[in-house]
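Student: Could you take me through one part of this structure closely, namely the place where the two chains meet? I would like a connected account rather than a list.

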2 protein chains.
Amino acid sequence: MACASVARHALESGLVVAVSRIQLKPLAASASPSCLKLLTVRRHGIRAMSETPAMSGSPPISGRSVVVKEKEAIPKGSTGAKETISTDPPRGTRDFPPEDMRMRTWLFDNFREVSRLCAFEEVDFPVLESEELYTRKAGEEIVGQLYNFEDKGGRKVTLRPELTPSLARLVLQKGRAQSYPLKWFAIGQCWRYERMTRGRRREHYQWNMDIIGVPGVEAEAELLSAIVMFFTRLGITSKDVGIKVSNRKVLQAVLEKYGIQPDSFAAVCVIVDKLEKLKREEIVSELDKVGVPAEAIEGILQALTLQSFDDLEALLGADSGAVTELKQLFALAEGYGFQDWLHFDASVVRGLAYYTGTVFEGFAKNSQLRAICGGGRYDRLLSTYGGEDTPACGFGFGDAVIVELLKDKKLLPQFPHMVDDIVIALDDSLKVPAAGVAARLRNAGRVVELVIEKGRKMKWVFKQCDALKAKRLILLGTTEWEQGKVSVKDLSVREQTLKTVDELIAVS
Amino acid sequence: MACASVARHALESGLVVAVSRIQLKPLAASASPSCLKLLTVRRHGIRAMSETPAMSGSPPISGRSVVVKEKEAIPKGSTGAKETISTDPPRGTRDFPPEDMRMRTWLFDNFREVSRLCAFEEVDFPVLESEELYTRKAGEEIVGQLYNFEDKGGRKVTLRPELTPSLARLVLQKGRAQSYPLKWFAIGQCWRYERMTRGRRREHYQWNMDIIGVPGVEAEAELLSAIVMFFTRLGITSKDVGIKVSNRKVLQAVLEKYGIQPDSFAAVCVIVDKLEKLKREEIVSELDKVGVPAEAIEGILQALTLQSFDDLEALLGADSGAVTELKQLFALAEGYGFQDWLHFDASVVRGLAYYTGTVFEGFAKNSQLRAICGGGRYDRLLSTYGGEDTPACGFGFGDAVIVELLKDKKLLPQFPHMVDDIVIALDDSLKVPAAGVAARLRNAGRVVELVIEKGRKMKWVFKQCDALKAKRLILLGTTEWEQGKVSVKDLSVREQTLKTVDELIAVS
């Protein structure tokens with residue numbers, strides 16, 4: 001389940017990508033056809049870091065614009081040679097070079113493993129969806145910033161801003177064929193479009209876990225336990241991170257108290273979610289605009305300050321649904337053993353219109369970082385799409401803030417590229433048998449770097465062994481190969497022996 | 001490396017998604033506010049299967065349009081309740097419900113494992129790219145069918161039709177910081193836009209492996225060995241699948257023989273790639289349009305029929321670059337041990353403009369299936385973007401045709417959803433300790449389905465144990481729990497015992 005403010009925070013922590021293009025002078029007609037003249041290649045350190053790079057263990061890469069070589073052998077018309085091309089990804093988006101990809105894979109593997117242990121099933125949806133899935137009118141930031149367009153068939157489509165609506169759509173599509181509860185998870189890229197004035201990113205990945213078909217807070221407890229399991233696997237403790245929990249029924253009860261129409265409920269929630277971001281006057285003015293009377297505004301803002309069950313009971317009465325659900329949830333947390341992580345805090349409302357019950361958000365303690373994850377119960381979403389009323393809850397967990405937290409806490413591991421064996425033919429005539437040695441080792445399950453380029457010096461080879469943390473270096477020399485053997489250097493003990501290929505495989 | 005025809009074939013084998021929408025009559029103003037009236041829910045079997053569903057082990061899902069309930073408690077304005085919404089994904093795209101996702105994960109895991117064993121590093125790029133990366137003018141189908149649009153900032157962007165240009169862009173961006181060769185792989189979704197007249201899909205996933213910086217055919221051999229390793233892991237043999245190999249230098253030499261300008265080279269390649277699809281007259285007419293004289297057309301078509309090195313040598317001479325490279329590549333294949341899979345076939349040209357040397361394509365023998373994968377050498381692509389001339393080669397391997405082949409050969413495994421333990425509280429008062437038992441088992445690495453919904457009968461529980469192939473059923477009953485014990489049913493031997501939670505964990 002996506003959460004507007006998780007999305008917002010994830011995107012805020014991104015890069016400003018400022019692309020400058022070099023204007024190229026027309027090529028001299030007299031340029032020699034045979035020579036490849038590189039006219040200009042300039043580097044520009046033009047990618048300003050706004051905060052920290054969200055998913056990158058590596059230093060920022062300088063944006064780079066390169067100017068085309070003049071190259072008569074490649075006719076412009078045929079391969080579409082261009083005068084200049086930007087080497088940056090589109091504004092607000094990321095490439096994942098190997099070092100960043102290894103970190104992403106590690107993070108996603110942890111998302112997947114936690115979901116798997118909790119017996120959730122993975123699902124996925126198209127990154128492109130119909131705009132109508134998101135056209136809610138409660139003023140959510142996420143809906144106001146759709147990366148939408150009209151396709152060539154005149155359909156209004158959008159790069160998805162969150163995953164929950166797609167999940168709801170799929171649940172409806174599968175219909176009665178499926179038996180509830182569904183416990184589904186997804187890891188997908190989400191998009192927003194906004195003028196890049198504040199260095200926000202336009203895409204981020206989000207882990208979602210959702211339970212469809214369970215009305216009780218046992219479902220929320222299961223979701224929260226997965227989140228805590230994830231943190232714990234990564235070395236994060238309840239001293240580092242807390243999860244603020246509340247229930248939208250608190251706000252609902254307050255609105256009812258003042259006789260406010262339920263129409264305004266979603267809009268009020270979206271407004272008061274901005275409490276930390278906007279000035280109090282702005283919140284008051286926005287609430288006024290949606291027709292909330294002044295005394296009710298006061299009551300709402302007052303209720304949002306509550307942080308104990310006693311105070312909540314005093315306000316709503318002990319038999320209030322909100323109180324009962326919250327207490328049950330905290331009791332279950334104690335059963336799971338993660339009660340230390342939870343904090344009741346009525347100020348948590350979440351910025352998505354569709355939440356109806358429990359809402360929660362993970363936050364880093366003693367830190368300026370924004371919400372790490374968030375979610376809640378959305379029992380009415382499926383019925384707004386035309387399905388039956390279906391109890392459901394879920395959360396969204398972005399790929400940005402968590403990485404910043406892990407860096408802050410020095411909990412982010414190193415992710416080197418590693419191989420088991422490096423295989424090299426010492427003579428070009430041995431490239432064919434060297435390929436055979438590599439193939440046999442790979443088929444035996446070893447990760448093998450075969451040196452395929454020509455003329456490598458031994459100094460380079462040893463450097464490569466270090467860089468790739470290779471366990472063995474396997475050298476094919478003419479004399480040894482004639483005897484059916486290869487030289488094997490065990491790089492942990494720096495010992496060199498002669499072995500047949502069968503022996504090589506046997507050890508591995 | 002993406003290949004126009006792999007993309008084409010993958011997309012062709014998709015679904016026709018025909019969405020029908022139900023028009024809803026205005027709600028009666030007199031409807032009771034408190035009752036939730038489901039006005040209409042209809043199912044429509046409107047998704048016609050054009051060929052076979054590409055990535056689906058499950059029967060086709062009926063498209064379904066549902067009509068919104070009237071539901072006064074959810075004000076239309078607040079959550080954007082709509083009158084009708086389609087539950088199908090956008091035209092030509094797929095959802096991945098759990099059963100399809102498990103197959104996709106299995107396929108991708110195999111892509112990843114092969115790439116890893118070959119010491120390739122995973123990379124990724126944005127699914128949205130600048131249109132300028134693809135605006136080549138050789139008439140490729142892939143470029144003519146971009147899923148492109150103008151973003152709100154006036155930038156021309158497109159959902160990527162293939163991965164190679166993004167890879168080239170990233171290589172240029174990283175610049176001299178990296179040491180060649182780069183051995184990179186990626187698994188990404190690619191898009192096309194075409195009028196849905198022939199039931200083609202608009203997206204597919206593609207596995208790419210690329211080697212940057214190696215001029216010799218050792219690089220192509222390494223790529224082909226990975227493809228064969230992949231097939232072999234899945235149980236496919238060289239009796240099922242072959243790989244046709246040729247070299248664009250064959251065609252280049254023929255063009256030179258007739259004194260044809262190199263400008264036309266890419267366009268000629270793109271045209272003759274359609275040889276199996278179009279009539280001979282159409283090919284002749286297209287070649288005529290790009291200025292190839294009649295006698296040259298005859299010579300080109302003649303050269304494309306060659307299937308032996310002897311005939312090739314007879315045409316081009318023994319010292320031709322094409323002959324040398326092809327022979328070297330086949331010798332290396334013998335070293336790796338996959339020579340049985342390769343077939344020299346000059347008719348293979350591939351439909352992408354940027355190939356310059358070796359080209360190849362995997363095909364199912366005795367089958368109507370289209371190309372399974374394809375690739376080749378593209379030594380000039382980076383320089384058309386403004387970088388230096390950089391030797392490079394790669395392949396693209398789609399997610400559609402391979403699955404059809406595996407089905408045909410009955411090699412597609414079953415992918416059931418499986419758990420280790422099912423935990424259930426026999427009394428609602430034991431839900432809290434049951435959560436604790438589940439948490440401890442999960443922390444010990446077991447996949448645990450915790451029954452969180454209320455009132456499940458034992459009959460249902462046992463059915464669930466079968467469905468999820470559970471190893472143990474763990475029951476919390478009041479009497480046993482008071483003694484600190486739970487009932488454990490070992491489902492392989494149908495034996496029930498009493499155990500403490502510590503004992504439960506110890507066995508696991």
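Tutor: This is a predicted model, and a useful place to begin is with the polar side of the interface, where 36 residue pairs are found in polar contact across chain B and chain A, both residues of each pair being at pLDDT 80 or more. On the chain B side, helix α3 (residues 98-117) gives the largest share of the surface that touches chain A, with eight residues. Sorted by class, the side of chain B that touches chain A holds 62 nonpolar, 27 polar and 44 charged residues. As for charge pairing, the rule finds 14 salt bridges across the interface of chain B and chain A, and one of the salt bridges in the model joins the side chains of Lys183(A) and Glu449(B), with 3.4 Å from N to O.

The extent of the interface can be given in two ways. Counted by residues, 133 of chain B are in contact with 132 of chain A. The size of an interface is often given as the accessible area lost when the parts come together. Here, the area buried between chain B and chain A is about 10,800 Å², and carbon and sulfur atoms give 57% of that area. Within the part that chain B buries against chain A, Lys152(B), Gln173(B) and Ile452(B) supply 7%, which is more than any other three residues.

Helix α3 of chain B also deserves a look for its aromatic pairing. Over all chains the rule counts 45 aromatic pairs, and among them is the stacked pair of Phe111(B) and Trp207(B), at 4.7 Å centre to centre and with 20 degrees between the planes. Because Phe111(B) lies in helix α3 of chain B while Trp207(B) lies in strand β9 (residues 203-212) of chain B, the pair ties together parts that are 96 residues apart in sequence. Both partners can be placed by their accessibility, taking buried to mean under 20% relative accessible area: Phe111(B), at 1% relative accessibility, counts as buried, and Trp207(B), at 0%, counts as buried too.

Turning to chain A, ring pairs link a cluster that includes Phe111(A), Trp207(A), Phe230(A) and Trp341(A). As a setting for this cluster, chain A has 18 helices and 19 strands, and of its 508 residues 62% count as buried. Among contacts in chain A between residues at least 6 apart in sequence, 71% join residues at least 24 apart.

Conventions. Residues numbered from 1 in each chain as written. Chains lettered and ligands numbered in written order. Predicted model: local features only at pLDDT ≥ 70, side-chain atom pairs only at ≥ 80, totals over all residues. Heavy atoms only, no water. Contact = heavy atoms within 4.5 Å. Buried area = accessible area lost by both parts, 1.4 Å probe. Salt bridge = Lys/Arg side-chain N within 4 Å of Asp/Glu carboxyl O. Polar contact = N/O pair within 3.5 Å; in protein donor to acceptor, adjacent residues only side chain to side chain. Helix = DSSP H or I, 4+ residues; strand = E, 2+ residues; numbered from the N terminus. Nonpolar A, V, L, I, M, F, W, Y, C, P; charged D, E, K, R; others polar. Phe/Tyr/Trp six-rings, centres within 6.5 Å; stacked < 30°, edge-to-face > 60°. Buried < 20%, exposed > 50% of the residue type's maximum accessible area, 1.4 Å probe, protein only.
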